[in-house]
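Welcome, and please keep the viewer open while you read. The short report below goes with the structure shown here.

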Amino acid sequence: MTSGTEGPFHSVVFPSSTGGRPGATLRRFLRTSDGVLLDARYDPCAAARPAGGGTAIVVAHGFTGSVDRPALRRAARVLARGASVVTFSFRGHGRSGGRSTVGDREVLDVAAAVAWARELGHDRVATVGFSMGGSVVLRHAALHGPGREGGAQARTDAVASVSAPARWYYRGTAPMRRVHWLITRPAGRLVGRYGFRTRIHDRDWDPVPLSPVEAVPLIVPAVPLLVVHGDRDPYFPLDHPLALAEAAGGAAELWLERGMGHAENAADDALLGRIGRWLAAGPPDAWPMMEP
């Protein structure tokens, strides 16, 4: 299973019961270029004058996440203070169709979300991904864009990868060994389906997709790249973000966050605000801290 053989990108938007007015929150099912329906949501910028100049930020969640999980909704609320935000459930997650390929064909999911943001009128669209989503936004930025699969409609103008692996098949930590059990064993996939509402594909990658560290040189310097990682990440140690930054040859920005754990659950409002400002190139006073 691989995304490399797909034809031209297309996206079909199906209306649902929430939203439809300009400037309103929208809930839609998007169709990817390989025919998978994705549960997606659009939240317009909360500011009267968007800090990012009308930028939309597409947010890609981690493995077993979904558009309605509290951590993703909190991230969307913070980012929406200075930019419009598109969130969605990856294939095989939540109410989306299909089965998870754990980072392979998910690039088509990000492409559909980016294309929807452009259809809604945003001429500048940035992406941010967490954990598995962080690896997917890297691969998406490398594979989609002018002259590549999906063309200009699916391109990203800036990308931030948070808590992402640099390479595939990593089993060096206890949490990642549990993840591999969930993915590769029939009993694990049952736990994923009924315990995490995540339906996981039962076939191995063939061929193995482009890895995150291989994707980085195809992104920079044409597209700005930010790599964010916590120094207390229990899944991926610091050699992963350092490898990603090294692959960029000095063209990426690296933030190593003191005391931070893993992915969207560990990203506090202050960090999310900094990421939002970086992605949308907004003024320093945008995305104020949430009041207690």
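What follows is a short tour of one hairpin and several salt bridges.

## The model and its hairpin

A word before we start: this is a predicted model. A good place to begin is the pairing of strand S2 (residues 26-31) with strand S3 (residues 37-43), which is antiparallel and runs over 6 bridges. Within that pairing, Leu30 faces Leu38 of S3.

The two strands form a hairpin with 5 residues between them. In this hairpin, Gly35 has a positive phi, near 90 degrees.

## A salt bridge across the hairpin

Side chains of opposite charge can pair when their charged atoms come close. The hairpin offers an example: Arg27 and Asp39 form a salt bridge through their side chains, at 2.9 Å from N to O. Since Arg27 belongs to strand S2 and Asp39 to strand S3, the pair ties together parts that are 12 residues apart in sequence.

Are these two partners buried or exposed? Arg27 has a relative accessible area of 13%, so Arg27 is buried, the cut-off for that class being under 20%. Asp39, at 1% relative accessibility, counts as buried too.

Arg27 and Asp39 also take part in a wider arrangement: together with Asp68 and Arg95, they are linked in a network of salt bridges.

## From a loop to helix H2

Next, please look at Asp109 and Arg91, which form a salt bridge whose closest N and O atoms are 2.8 Å apart. Asp109 sits in helix H2 (residues 106-119), while Arg91 is in the loop between strand S5 (84-88) and H2, so this pair ties together parts that are 18 residues apart in sequence. Both Asp109 and Arg91 are buried.

## From strand S11 to helix H9

Further along the chain, Arg274 forms a salt bridge with Glu257, with 3.1 Å between the closest N and O atoms. Which elements does this pair tie together? Arg274 lies in helix H9 (residues 269-280) and Glu257 in strand S11 (residues 253-257), so the link joins parts that are 17 residues apart in sequence.

The partners fall into separate accessibility classes. Arg274 counts as partly exposed, at 30% relative accessibility, whereas Glu257 is buried, with a relative accessible area of 14%.

## The overall count

How many salt bridges does the model contain? The count comes to 14 salt bridges, among them the Arg27 and Asp39 pair of the hairpin, the Asp109 and Arg91 pair and the Arg274 and Glu257 pair.

Key: Residues numbered from 1 in each chain as written. Predicted model: local features only at pLDDT ≥ 70, side-chain atom pairs only at ≥ 80, totals over all residues. Heavy atoms only, no water. Pairing = 2+ DSSP bridges. Helix = DSSP H or I, 4+ residues; strand = E, 2+ residues; numbered from the N terminus. Salt bridge = Lys/Arg side-chain N within 4 Å of Asp/Glu carboxyl O. Buried < 20%, exposed > 50% of the residue type's maximum accessible area, 1.4 Å probe, protein only.
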